[in-house]
Amino acid sequence: MAVGKRNTNPIVKYVLIFVSGLFLFVMLVLPLIVVVVNALKDGWTVYRQSITDIYAIKALGLTLLASVSAVAVNTVFGLFASYLLSKFYFRGRQVLAALIDIPFSISPVIAGLVFILTFGNIGWMGGFLKAHHIKIVFAVPGVILATIFVTFPFVFRELFPVMNAYGKDEEEAAALMGAKGFTIFRKITFPHVKWALLYGMILCGARAMGEFGAVSVISGHLRGKTNTLPLHVEILCNEFNTTAAFAVSSLLVLLSTLILAARSLAEWKKKKRGGN
Amino acid sequence: MEEIVKVKNKRGVRVIPGFGLSLGVTLSMLGCFVLIPLASIFLSAGRLEFSEFAAVVTSRQVMAGYRVSLSCAFWAALINTVFGMGLAWVLVRYDFPGRRLMDGIIELPFALPTAVAGISLTSLYSDQGWIGAYFAKRGITIAYTRIGITIAMIFVGIPFVVRSVQPVLEKLDGQYEEAAAMLGAGRGYTFLRVVLPEMFPALITGFGLAFSRGIGEYGSVVFIAGNIPYETQIAPLLIMEKLEQYKYTDATAIALVLLLLSFIMMLIMNSIQISMQRFTRNL
């Protein structure tokens, strides 16, 4: 909300806008351009070959599987947890909120380490898993679990402020008028948070697709089996196949740009509904 | 302080249904996916002898790793705070063509995979890269040095400060600045004495978030870092190295120290914020 008729010095204004714009261009836009330029450096055929390479496609498949799982699980969690924390008052509310935020603030490498320590051969569940021939670490389930962990709070973080801002009054009124639980959720809570939910899911998906550190630790880097797209990019880089690395990256850049656009749309719709 | 409204009626029954179910689902999912795996790190650490632990975390290479991570993250977070403040100001206070585009682009570090950011930053700042070449001619290398690490950390931290300060600026009541202007204060003075103190808690939060992200970041930093021991090895990379050598206990030890550092950081940020609040509430 701009403060009305302040005497804004136009020089200050334009300098600030220019400097900020330059900063963003150099730090954010240039890297994007670099990806596209480097991807197409060796021509269109090489580009096409790199992205239709069988390992790239398998990596894409695993990335999508892990991301969809992460979004699904974390959306369920986000809905329940934000409902719990915004509509009910109980001791330990703050502690719970802090605990939920933990995956957001720890390093992804530590997140991967944690799963190895739990499900790996040396982990305390290792013996149990081995006996039942269940492989989690260095296999697909591990990749999925690590992705879920790292993106755990994302949907919650979007839903909770919105639900909290709306308070409990409407739900209480509905309950007192005799509505049952799911009806209250469907007709009162959910319509308020529709766009926040969408944005949260989009953000969660983006982060899940891009996750590198945690998955790198737990995946075992088995080509065609446990490689996600970002890991595949790393392998290509290590083989000095930079053009292919950038070609595959360009796919991810495309996905990210689509996500950003979708996010802007969701944000705009959210504001239009008269969000705070 | 907001009033805490009890949701139970006189008979102690909650009015809104669904408490049991949501509590159950929340706690079990949180426990399953987050808490139980996390507990393993403390379990593992418990098995370590303290002397072993101390030997690992105080070895020269590891100490150098902390130093690199902490110092680069600090400078990156600082630069992000300065530019983030400017960006938030520009986005909230001014209207200009492309403003919405700018606002959207700030989310890029969240949407772009860290590995992609890593390789493209490396390419950009390497001695043959578009920006790197310009500096190389003057004898400054960026990629594979701490400067490169700092730049990568700036990249991942850009959204944190901006998104922390934006809501504060948006909610800032214009009347304080108008009052200051009417009492004769110049624009600069008004900014320093009226606006900045209001922004300060948000700036601190943003700085803390960017700093934590910088310390923990792996994908974007590891490509541009070059990983020269004692020089450009970041702490997460050291953990990764130990894991690749199957030295799980060493990795756990380093990870614990890192977690401890983040926790201390969070405490410091919170206490600064609390003492600041006493300041700004005197309006």
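Start with Phe138(A): this residue is partly exposed, because 18 other C-beta atoms sit within 10 Å, and a residue needs 20 or more to count as buried. The whole thing is a predicted model, so read the local geometry with that in mind. Phe138(A) is found in the loop between α7 (126-131) and α8 (140-150) of chain A. Its backbone is worth a look too, since Phe138(A) is not a glycine and yet has a positive phi of about 60°. For background, most residues other than glycine have a negative phi.

Chain B has a residue of this kind as well. Tyr246(B), again not a glycine, has a positive phi near 60°. Tyr246(B) is found in the loop between α12 and α13 (248-280) of chain B. Is Tyr246(B) buried or exposed? Tyr246(B) counts as exposed, because there are 11 C-beta neighbours inside 10 Å and the cut-off for exposed is 12 or fewer.

**The two chains**

Here is how the chains look side by side.

| Chain | Helices and strands | C-alpha box along the principal axes | Buried residues | Contacts at least 6 apart that join residues at least 24 apart |
|---|---|---|---|---|
| Chain A | 14 helices, zero strands | roughly 65 × 65 × 30 Å | 47% of 276 residues | 78% |
| Chain B | 13 helices, zero strands | roughly 65 × 60 × 35 Å | 42% of 283 residues | 76% |

From the N terminus on, the elements of chain A run α-α-α-α-α-α-α-α-α-α-α-α-α-α. Chain B, read from the N terminus, runs α-α-α-α-α-α-α-α-α-α-α-α-α.

**Where the chains meet**

How many residues of chain B are in contact with chain A? The count is 76 residues of chain B, in contact with 79 residues of chain A. Helix α1 (residues 19-46) of chain B gives the most to the side of chain B that touches chain A, with 17 residues. Sort the residues on that side of chain B by type and you get 51 nonpolar, 16 polar and nine charged.

**Helix α6 in each chain**

Now for α6 of chain A, which covers residues 108-119. With twelve residues at 1.5 Å a residue, α6(A) should span 16 Å, and its end C-alpha atoms are 17 Å apart, which agrees. This helix is mostly covered: twelve of its twelve residues are buried. Among them are Pro108(A), Gly112(A), Phe115(A), Thr118(A) and Phe119(A).

Helix α6 of chain B covers residues 114-125. Its twelve residues should likewise span 16 Å at 1.5 Å a residue, and the end C-alpha atoms of α6(B) are 16 Å apart, which agrees. α6(B) is mostly covered too, with twelve of its twelve residues buried. The buried residues of α6(B) include Thr114(B), Gly118(B), Ser120(B), Thr122(B), Ser123(B) and Tyr125(B).

**A helix pair across the chains**

Two packed helices are described by the angle between their axes and the distance between the axes. For α6(A) and helix α12 (residues 235-244) of chain B, the axes come within 9 Å and cross at roughly 30°. That makes α6(A) roughly parallel to α12(B), because angles under 35 degrees count that way. The crossing of α6(A) and α12(B) is left-handed.

Which residues make this contact? On the α6(A) side they are Val109(A), Ile110(A) and Leu113(A), and on the α12(B) side Pro236(B), Ile239(B), Met240(B) and Leu243(B). By type, the residues of the contact of α6(A) with α12(B) are seven nonpolar, no polar and no charged. Val109(A), Ile110(A) and Leu113(A) are also in the buried set of α6(A).

**A buried arginine**

One last stop is Arg213(B), which lies in helix α10 (residues 187-216) of chain B. Why does Arg213(B) count as buried? It has 23 other C-beta atoms within 10 Å, and the cut-off is 20 or more. Leaving aside neighbours within four places in sequence, Arg213(B) is in contact with Val156(B), Gly157(B) and Phe160(B). As for Ile154(B), it is 59 residues from Arg213(B) in sequence, while their C-alpha atoms are 9.8 Å apart in space.

How values were computed:
Residues numbered from 1 in each chain as written. Chains lettered and ligands numbered in written order. Predicted model: local features only at pLDDT ≥ 70, side-chain atom pairs only at ≥ 80, totals over all residues. Contact = placed C-beta atoms within 7 Å. Helix = DSSP H or I, 4+ residues; strand = E, 2+ residues; numbered from the N terminus. Nonpolar A, V, L, I, M, F, W, Y, C, P; charged D, E, K, R; others polar. Expected span 1.5 Å × (residues − 1). Axes fitted to C-alpha atoms, helices over the stretch in contact; angles between N-to-C directions. Parallel < 35°, antiparallel > 145°, perpendicular 65-115°, else oblique. Left-handed = near helix turned anticlockwise from the far one by under 90°.
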